[in-house]
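Welcome to a short tour of a protein model. Keep the sequence and the 3D view side by side as you read, and look up each place as it comes up.

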Amino acid sequence: MMEKKIMDETFTVPIGPQHPALKEPSHFRITVDGEIVTNAVVRLGYAHRGIEKAVEGRNWIQNLYMLERICGICSHIHATAYCLGVEQLAGVEVPPRAQAIRVLTAELERIHSHFLWVGVAAHEAGFDTLFMYIWRDRETVMDLLETLSGNRVNYSVNILGGVKFDINEEQADAIRKGLDYLEERTNHYLDVVSNDAMFLQRTSGIGVMTRNQAEVLGTVGPTARASNVARDVRVEAPYGAYFDYPANIVLEERGDLTARFVVRIKELFESYRLIRLILDTLPSGDLETRMPRRIKEGETVCRVEAPRGELFYFIKSNGTDMPERIKIRTPTICNMTSVVKLVIGHQLADVPMILVGIDPCFSCNDRMVILDRSDGYKQQWTWEALRQHGIDYYHEQHS
Amino acid sequence: MTQNLLQDTIQRLKTWARINSPWVLHFNSGSCNGCDIEILATLTPRYDLERFGIKLMGSPRHADVLLCTGAVTRQARDRLVRIYEQMHDPKFVVAIGACALSGGVFRGCYNVMDGIDQVIPVHAYIPGCPPRPEAIIDGVVKLLSSLSIPTAKVETQPSTDGRIETKECSL
C-alpha cells in the first residue's frame, strides 16, 4: 500500500530563473516521475523590458539603435528587418552595394551565432573541451566583425537607407583568410558532432521531432530544418541581396539533437560560400540613399531569416517622425512550444539539451500579451497605464 | 596580544585566498545577451579569465563575486535580491554594461529599474555596450586589487522596501 503511494507521487523540479544550465532568465516547472519528465511548463518574461512601447516614443533613427539592442547575438538582423520595413514604407531603394554588405554582415553574424550555439550546447552536454575550442575559433569571426565595423557585438552596420561602412580589398582578404581557417575547423567540428561516440549518446535519438510535429508546432529556422521542413525565408521569400546571391537550404531528416547540430554546422558552409561570393562580386556604387525624416503613412510587414529562424516585423507609420506601432515576433517564441512538448518522456538530464537544441534567446522573445476572450475588446495602453499595470502585477505576484 | 596576532594572520590568509581564487556567479537580469556573451568570451581561451583564479560557478552559495548584466526588469528584481542574499559574506557585485549601470537604452522603460545599484549595492562598474572582454578583465582585476586594502566596504541588510543599504565592514 505504502509502496504504491510512493510510485504514484510526482515531483516538480523548478528550474530558473538563475540556473547553471541557463545563461538567461526563464523559469521552467518540470514534473517528473522518477527520472522521467511527465510535464513541463515554461514561464517567460524575465527579460521583458517593454521595447515595443518604448519605440513609440522615439524617432525612426533612435529606434534603429533601440531595436538593435533587443538581442546582442542577432543585433544586425533586427536592425536589417527594421530598415527593410521602413525603407519599404518610405519607398526608398537601397543601393546594391549596401544590400550586399548587409547580407555579408548577416552571414558573418550567422557564423558567430552558430559557433556560439554549438559551444553552449556542447557545454550543456558536459563536453566543455568542445565548448572551449569552439569559442576559441569563434574569436576569428569576432575579429572579422570588429575589423569591418569596429565593434564586436552591436555592429551598428545599418542605417536607414544604406549601411555605414565600406569594405576595401585589404578587409576582404582578411575575411577570406579568416573563412579558410574557420572552414577547416568547421569540418573538424562536423566530424566531432556526427561521429564522437560519447557526444552521440547525449544527442542521437534525443528530442526527436517528426516532420509533422515540426509543422504543427510551428517551428522555424534550423529547428524546423533539422526535421526536414523546408522553411528558410532567404529561400522562400528572398529579401535584399538574397535575390542576387541565392542561398541554398540545408535539411536533415532525423529530427533529433544530432540533426540540429548537423544542420547548423552545415549552414556554416553555406554562409562561407555566400560571403566568398559576395566578396568576389561586390557591386560598386553608393552606400546609402537619402531618407526622409518623416515616413509616409502606412503599414508593412517584413520577414527576414535570423540565425534562429524567421524574424517578423510589423511596422505602422502615421506620417510623423515616430512609428505608431512596431510588433516583433522572434523565432524563439515559435520554437518554445516544441520544447515543452518534446521533453515529455525524456530523462530530466536531457531537458537542458532539448531546451538548448532550439537555440533559445529569451531576451528576444519576452513580450506582453493580454488575453481577453470577450468580443470587441479594444483598448489602447498608454505609457502610464502600462507602468502602473507592471507595478500592480508584480505586487500581486509578490504578496 | 597573541590572540590579535592570530586573528590578524587568519584575516590576511583569508584575504589572500579570496584574491587568488574568487569564484564568480553570472546573473542576467534582463540584458540583451550582448554583455553575457562577452562574459562567456572572457572565460574562454582567448581571454582566459581563469588565469586570475576566477572560476564561473553555478550556485550563489559558492560564489564570491556576482557578475550582473541587464537593466533589472521588474520580474528579475526579486530574483536578483534573493541571489544576492544567498551569497555568503563578504560578497561583491560587478555591474557589467551600460544597462547594468544606468538602464542604458532602456532607461525609463515601464518595466525596468534603471540599473543594478537601484536594487543591490555595486562595487565595480564596467561601462560599454557591451564592454570588451579586456574591459571586463580590467574591471574584475581592479576589484580584486582593491580587496588587498584591509577595510573594503561591503555588506548589507535588506531594508523593508526591498533595497539594500551598504555599510562598512572589514574583510
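## A helix and its surroundings

At the N-terminal end of helix 7 of chain A sits a cap, N168(A): one of its side-chain oxygens lies 3.2 Å from the backbone nitrogen of E170(A). Keep in mind that this is a predicted model.

Helix 7 of chain A covers residues 169–195. Does its length fit what its number of residues suggests, or what else would we expect? Let us work it out in the table, together with helix 6 of chain A.

| Helix of chain A | Number of residues | Expected span at 1.5 Å a residue | Distance between end C-alpha atoms |
|---|---|---|---|
| Helix 7 | 27 residues | 39 Å | 39 Å |
| Helix 6 | 22 residues | 32 Å | 31 Å |

For helix 7 of chain A, the distance between the end C-alpha atoms agrees with the expected span. The expected and computed values agree for helix 6 of chain A as well. Just after helix 6 of chain A comes G150(A), whose phi is positive, near 90 degrees.

Which parts of chain A cover the buried residues of helix 7? Helix 5 (96–124), helix 6 (128–149), helix 8 (197–203) and helix 12 (257–280) of chain A are included in that cover. Among the buried residues of helix 7 of chain A are A172(A), I175(A), G178(A), L179(A), R185(A) and Y189(A).

Q171(A) is another residue of helix 7 of chain A. Its relative accessibility is 16%, so Q171(A) counts as buried, the cut-off being under 20%. Setting aside residues up to four places away in sequence, Q171(A) touches T147(A), L148(A) and D166(A).

## A cysteine in helix 13

Now move along chain A to C334(A), which is found in helix 13 (residues 331–342). Is C334(A) buried or exposed? With a relative accessibility of 11%, C334(A) counts as buried. Apart from neighbours within four places in sequence, C334(A) is in contact with L217(A), G218(A), T219(A), V220(A) and R329(A). You can also find L311(A), which is 23 residues away from C334(A) along the chain; their C-alpha atoms are separated by 9.9 Å.

## Meet chain B

Chain B has 171 residues, and 53% of them count as buried. Its elements are five helices and seven strands, and along the sequence they follow the pattern α-β-α-β-β-α-β-α-β-α-β-β. Among contacts in chain B with a separation of 6 or more, 76% link residues 24 or more positions apart.

## Where the two chains meet

How many residues does each chain bring to the contact? Chain B gives 40 residues and chain A gives 51 residues. Between them, the two chains bury about 3,900 Å², with 61% of it on carbon and sulfur atoms. On the side of chain B, I37(B), Q75(B) and Y110(B) lose the most area to chain A, together 20% of what that side buries.

There are three salt bridges between chain B and chain A. In a salt bridge between the chains, the side chains of R132(B) and E146(A) meet at 2.5 Å, N to O. The chains also have 13 residue pairs in polar contact, both residues being at pLDDT 80 or more. Strand 1 (23–28), helix 2 (34–43) and helix 3 (74–86) of chain B each give two or more residues to the side that touches chain A. Helix 2 of chain B supplies the largest share, seven residues. By class, this side of chain B has 20 nonpolar, twelve polar and eight charged residues.

Conventions: Residues are numbered from 1 along each chain as its sequence is written. Chains are lettered from A and ligands numbered from 1 in the order in which they are written. This is a predicted model: local features need pLDDT of at least 70, side-chain atom pairs count only at pLDDT 80 or more; totals for chains, interfaces and linings use all residues. Side-chain values use heavy atoms; hydrogens and water are left out. Helices (H or I, at least four residues) and strands (E, at least two) are DSSP runs, numbered from the N terminus. The expected span of a helix is 1.5 Å times one less than its number of residues. Buried means under 20% relative accessible area, exposed over 50%, partly exposed in between (1.4 Å probe, protein chains only). Contact means heavy atoms within 4.5 Å. A polar contact is a pair of N or O atoms within 3.5 Å; within protein, one must be able to donate a hydrogen and the other to accept it, and residues adjacent in sequence count only if both atoms are side-chain atoms. Buried area is the accessible area (1.4 Å probe) that two parts lose on being put together, summed over both. A salt bridge is a side-chain nitrogen of Lys or Arg within 4 Å of a carboxyl oxygen of Asp or Glu. Ala, Val, Leu, Ile, Met, Phe, Trp, Tyr, Cys and Pro count as nonpolar, Asp, Glu, Lys and Arg as charged, and the others, Gly among them, as polar.
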